[in-house]
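Colleague: I am new to this structure, and I would like to learn how to read its helix packing and its internal space. Could you take me through it step by step?

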Amino acid sequence: MIRYSDAMVRFLTGFAALLLIVAPATARDILFVGNSFTFGAGSPVERYRPDSVTDLNHEGIGGVPALFRSFAEQARLDWTVSLETSPGKDLAFHYANKRAAIDRRWDVVILQGYSTLDAQNPGDPTRHGIAAGQLAALIHARNPRAQVKLVETWSRADLTYRPGSRWSGKPIATMAQDLAAANRRVVRTTPGIAGTIPVGSAWNRAIATGIADANPYDGIDPDKLGLWADDRYHGSSAGYYLEALTIFGRVTGYDVRRLGAKERSAADLGLTGRQATALQRIAWETLRRNR
């Protein structure tokens, strides 16, 4: 048996502590399952750094997952990022048609449903919740400790400022609030869902605090960001950037304000340093208020 002096024990203890400080975090795998709101349709985000992520459908998409990967690299967090997306689809589609691709071991899975939860019954979370539970069971069969989270998406301007929708004529924040409440109800009633990610609340906060414009149909106010794409449905680069920040902050616990004005993805997407830091602050504040 080897005996060490007290001095040697102190040295080894200190060295071990130092390793814990400087060593990178254990590598983790994250999968994004979703649709055009996940892959960044309507903006340059869709084809942003596709080589940095694994697209399980082999469509060359970067999207919000690639922004997550970029933030992780800059934060020196070791994440392997994959995505499985299809435009205009809900979670039931992914469970019915993409199980073979999804059925692997993951540490974290982000589920983003259809923009109204149910295309036939907007706002009704029943179909959405059943499919979320089925996907969660599939994922936990591979890794019981996996975290499965639902994304609360944003208000669609086209369904708010145009007639024919259940949200027509209501305040722009209402649709996102309804979707958030529906997703949280799914979490309460569905085993295997670890929580939600308040992306819609982040959009609402950006609008309420004057950082983003509230109505894209009457033009974008000076010194404000437009969060919607030209179709007033999908996100702009700024909208998806805010989405990615909110997801990244919730999943990793990282204070996204630390990314700062020189955050490289913002620059790549044409956002100024001031705009980037404003959106980082919004994401951080939203996450603090929605724990």
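Modeller: What follows is a walk through three helix pairs and then a cavity, and please keep in mind from the start that the model is predicted.

Colleague: Let me begin with α8 and α9: at what angle do their axes cross, and how are the two helices oriented to each other?

Modeller: An angle over 145 degrees between the N-to-C directions counts as roughly antiparallel. Here helix α8, which covers residues 173-189, and helix α9, which covers residues 199-208, have axes that come within 9 Å and cross at roughly 155°, and α8 and α9 are therefore roughly antiparallel to each other. Their crossing is left-handed.

Colleague: Which residues make that contact, and how do they divide by class?

Modeller: From α8 the contact takes A173, A176, Q177 and R184, while α9 contributes G200, S201 and N204. By class, the contact of α8 with α9 has two nonpolar, four polar and one charged residues.

Colleague: Moving along the chain, how does α9 pack with α10?

Modeller: The axes of α9 and α10 lie 9 Å apart, and the two helices pack at an angle of about 125°, which makes α9 oblique to α10. The crossing in which α9 passes α10 is right-handed. On the α9 side you will find V199, A202, W203 and A206, and these meet G239, L242, E243, T246 and I247 in α10. This contact of α9 with α10 divides into six nonpolar, two polar and one charged residues.

Colleague: And what is the arrangement of α10 and α12?

Modeller: Helix α10 spans residues 237-252 and helix α12 spans residues 273-289; their axes come within 9 Å and cross at roughly 45°, so α10 and α12 are oblique to each other. In passing α12, α10 makes a right-handed crossing. The residues in contact are A238, Y241, L242, L245, T246, G249 and R250 of α10, together with A276, L279, Q280, I282, A283 and L287 of α12. Sorted by class, the contact of α10 with α12 holds nine nonpolar, three polar and one charged residues.

Colleague: Turning to the internal space, how many cavities of 30 Å³ or more does a search of the whole structure find?

Modeller: A cavity is a space where a 1.4 Å probe fits but cannot get out. The search of the whole structure finds one cavity of 30 Å³ or more, and the largest cavity holds about 30 Å³ of space.

Colleague: Which residues line the largest cavity, and what classes do they belong to?

Modeller: The lining of the largest cavity consists of N35, S36, F37, G88, Y114, S115 and Y233, and by class this lining has three nonpolar, four polar and no charged residues.

Definitions and conventions:
Residues are numbered from 1 along each chain as its sequence is written. This is a predicted model: local features need pLDDT of at least 70, side-chain atom pairs count only at pLDDT 80 or more; totals for chains, interfaces and linings use all residues. Side-chain values use heavy atoms; hydrogens and water are left out. Axes are lines fitted to C-alpha atoms, for helices over the stretch in contact, and angles run from 0 to 180 degrees between N-to-C directions. Helices (H or I, at least four residues) and strands (E, at least two) are DSSP runs, numbered from the N terminus. Angles under 35 degrees count as roughly parallel, over 145 as roughly antiparallel, 65 to 115 as roughly perpendicular and the rest as oblique. A crossing is left-handed if the near helix is turned anticlockwise from the far one by less than a right angle, and right-handed if clockwise. Contact means heavy atoms within 4.5 Å. Ala, Val, Leu, Ile, Met, Phe, Trp, Tyr, Cys and Pro count as nonpolar, Asp, Glu, Lys and Arg as charged, and the others, Gly among them, as polar. On a 1 Å grid over the protein atoms alone, a cavity is a set of points where a 1.4 Å probe fits but cannot get out, and a pocket is an open set with protein on both sides within 12 Å along at least five of seven lines; lining residues have an atom within 4 Å of a point. Grid points are joined across faces, edges and corners, and a volume is the space filled by probe spheres set on the points.
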